[in-house]
Amino acid sequence: MNAATPSRLTKVLRRVPPAALSGGLRILGLGLRFVLSVFMVRYMTLDEVGLFALAVGMAGLMPSVFGLGLNYFMARQLVGLSHDQALQVAQSRLRCTVLMALVCAVLVLLAHAMGWLALPVLPLLAVTILCLEMVAVDIQVALIARGRPDLANLSLLLRSGLWILPFVALAWALPGLRQIGALAWFWLAGLLLSHLLIALICRHDLRRFAAGLLRPEAGGAYPRRIGWRAGRIWISDLGLGGSLYIDRFLITALAGLSAAGVYFFYASLMSAVYVICVASTVQICQPKLRAAYLAAGVTGLRQDLRLRLRLRKTVLITLAAYLCSLPMIWLVMRITDNAELASWIGLCPILLLGFAMKVVGDLFSSALAAAEQDRRYAALNILNLCLVAGLTLILVPLTGLWGAAVAMVLASAIVLAARAASLARLQDQPDAGSP
């Protein structure tokens, strides 16, 4: 959230163009992820790469599974509110997050104790990381909605990228640290540093914010005020998060942990460019698309997409970024010097096509969300999950990892076409009233 009195760091961040800063921070963070991927492939086993892929997937899925669909509504509500009103919405949302994080922790610990879930790290360490990631996602959504993608991406850099340098340096010098358990402690340190940064920048509001968390909420609990719409979006979030991470779990089950490590390595390279493109285009557009819809309905939204060339800008940036990524991928492969990985280099152009279509699809999805088309937004996210899971289950047993890549491309193409068609048919009646 915006602090009442901007900190020195906040003032510095605001002097940099949003697209350049967001893209730059994402590039830096993902560059560090590249370093980690190369280090793991070179000095650790593909099974450990697969385990890390599953850990990242679980951390990515938890906000969708336990988020109750509320971030979708929070992002929409926070646009245009005063600072005090925005704080109240964030307090309300965080109450739910803390409760659901505790539920998540209990379920994970219970599953581990019963032998249903094998954790590669200490159980308490695993649940602490999962809970802090859930809170961090809420903070990121709130910051983006309040027009602060710079601070959101700086926080993301700390929790997902900056801790990699000390880990790689120490693990290179001390071979005993080249294992998932040690990596998880550095991941936790990055999360704690990320939350500390937000606390320091928002220190003027922190005491009032914390006190508000303990007071009974006027007007009823946040999910109850939103009503049945939260359930629909919760299912939608399961589709959105599941479509990003379900393939690595299915590949592990169908082809083994080592195959998941190979696929994750290449998918992470393509996903990194995808994240940069989204941060530089779609993420910045989200509050502006909402403001255009509030100002002039569907007409304003369409004019915003056309007159400001958001769609063209998104397509051009995406194509340029992926073309520039090809030499980088070649360089990464030379550095890793892994014959098993090199044999699957043909996955890259297939995955590149799929992730490029996902960026454009995300822009259309953001426009549907801005226009309060909750039913269409949810249905298309669920369709995406069903397509990814179904096509993966069909194609991986037939063609191995090639089938997983083709499944992602086909799902992205179908969902992109469906979102474009929905946006073309958009009318000025929302599926449900905006909360």
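## Buried contacts and salt bridges in a predicted model

The side chains of Arg419 and Asp362 meet in a salt bridge, at 3.9 Å from N to O. The pair links distant parts of the chain, with Arg419 in helix 19 (residues 401-424) and Asp362 in helix 17. The model is predicted.

Reader: How far apart in sequence are Arg419 and Asp362?

Author: Arg419 is buried, and so is Asp362. Arg419 belongs to helix 19 and Asp362 to helix 17, so by this assignment the pair links distant parts of the chain. Their separation is 57 residues.

Reader: How many salt bridges does the structure hold, and which residue forms one with Arg159?

Author: The structure holds 2 salt bridges. In the one formed by Arg159, the closest N and O atoms are 3.3 Å apart. Arg159 lies in helix 7 and its partner in helix 6 (residues 123-145), so the pair ties together parts that are 26 residues apart in sequence. The partner of Arg159 is Glu133.

Reader: Are Arg159 and Glu133 buried or exposed?

Author: The limit for a buried residue is under 20% relative accessible area. Arg159 meets that description, and Glu133 does too. Both residues of this salt bridge are buried.

Reader: Ser155 also lies in helix 7 (residues 149-162); with which side chain does the side chain of Ser155 make a polar contact?

Author: Ser155 has 6% relative accessibility and therefore counts as buried. Leaving aside neighbours within four places in sequence, Ser155 is in contact with Leu197 and Ile198, among others. The polar contact of its side chain, at 2.5 Å, is with the side chain of Ser194.

Reader: Why does Ser365 count as buried?

Author: Ser365 is found in helix 17 (residues 347-370). Its contacts beyond four places in sequence are Tyr377, Asn381 and Arg419. Buried means under 20% relative accessible area. Ser365 counts as buried because its relative accessibility is 8%.

Reader: Where is Thr281 placed, and what distance separates its C-alpha atom from that of Lys313?

Author: Thr281 sits in the loop between helix 13 and helix 14 (282-307). At 3% relative accessibility, Thr281 counts as buried. Outside its neighbours within four places in sequence, Thr281 is in contact with Lys313, Thr314, Ile317 and Val359. Thr281 and Lys313 are 32 residues apart along the chain, and the distance between their C-alpha atoms is 7.5 Å.

Reader: Which helix gives the largest share of the largest nonpolar core?

Author: Of the 112 residues in that core, Phe52, Phe167, Tyr266 and Leu351 touch the most other members. The largest share is 17 residues, and the helix that supplies it is helix 13 (residues 257-280).

Reader: How many residues of helix 13 are buried?

Author: Helix 13 reaches 33 Å from its first C-alpha to its last, close to the 34 Å expected at 1.5 Å a residue. The helix is mostly covered. Of its 24 residues, the number buried is 21.

Reader: Which residues does Leu351 touch, not counting those up to four places away in sequence?

Author: Leu351 is one of the residues that touch the most other members of the largest nonpolar core. Not counting residues up to four places away, Leu351 touches Tyr263, Tyr266, Ala267, Met270, Ala405 and Met408.

Reader: What arc do the buried residues Ile164, Phe167, Val168 and Ala171 of helix 8 (residues 164-173) cover around the axis?

Author: Ile164, Phe167, Val168 and Ala171 are buried in helix 8. They are on the same side of helix 8, because the arc they cover around the axis is only 95°.

Key
Residues numbered from 1 in each chain as written. Predicted model: local features only at pLDDT ≥ 70, side-chain atom pairs only at ≥ 80, totals over all residues. Heavy atoms only, no water. Buried < 20%, exposed > 50% of the residue type's maximum accessible area, 1.4 Å probe, protein only. Helix = DSSP H or I, 4+ residues; strand = E, 2+ residues; numbered from the N terminus. Arc of directions from axis to C-beta. Contact = heavy atoms within 4.5 Å. Polar contact = N/O pair within 3.5 Å; in protein donor to acceptor, adjacent residues only side chain to side chain. Core = buried A, V, L, I, M, F, W, Y, C linked by side-chain atoms within 4.5 Å. Expected span 1.5 Å × (residues − 1). Salt bridge = Lys/Arg side-chain N within 4 Å of Asp/Glu carboxyl O.
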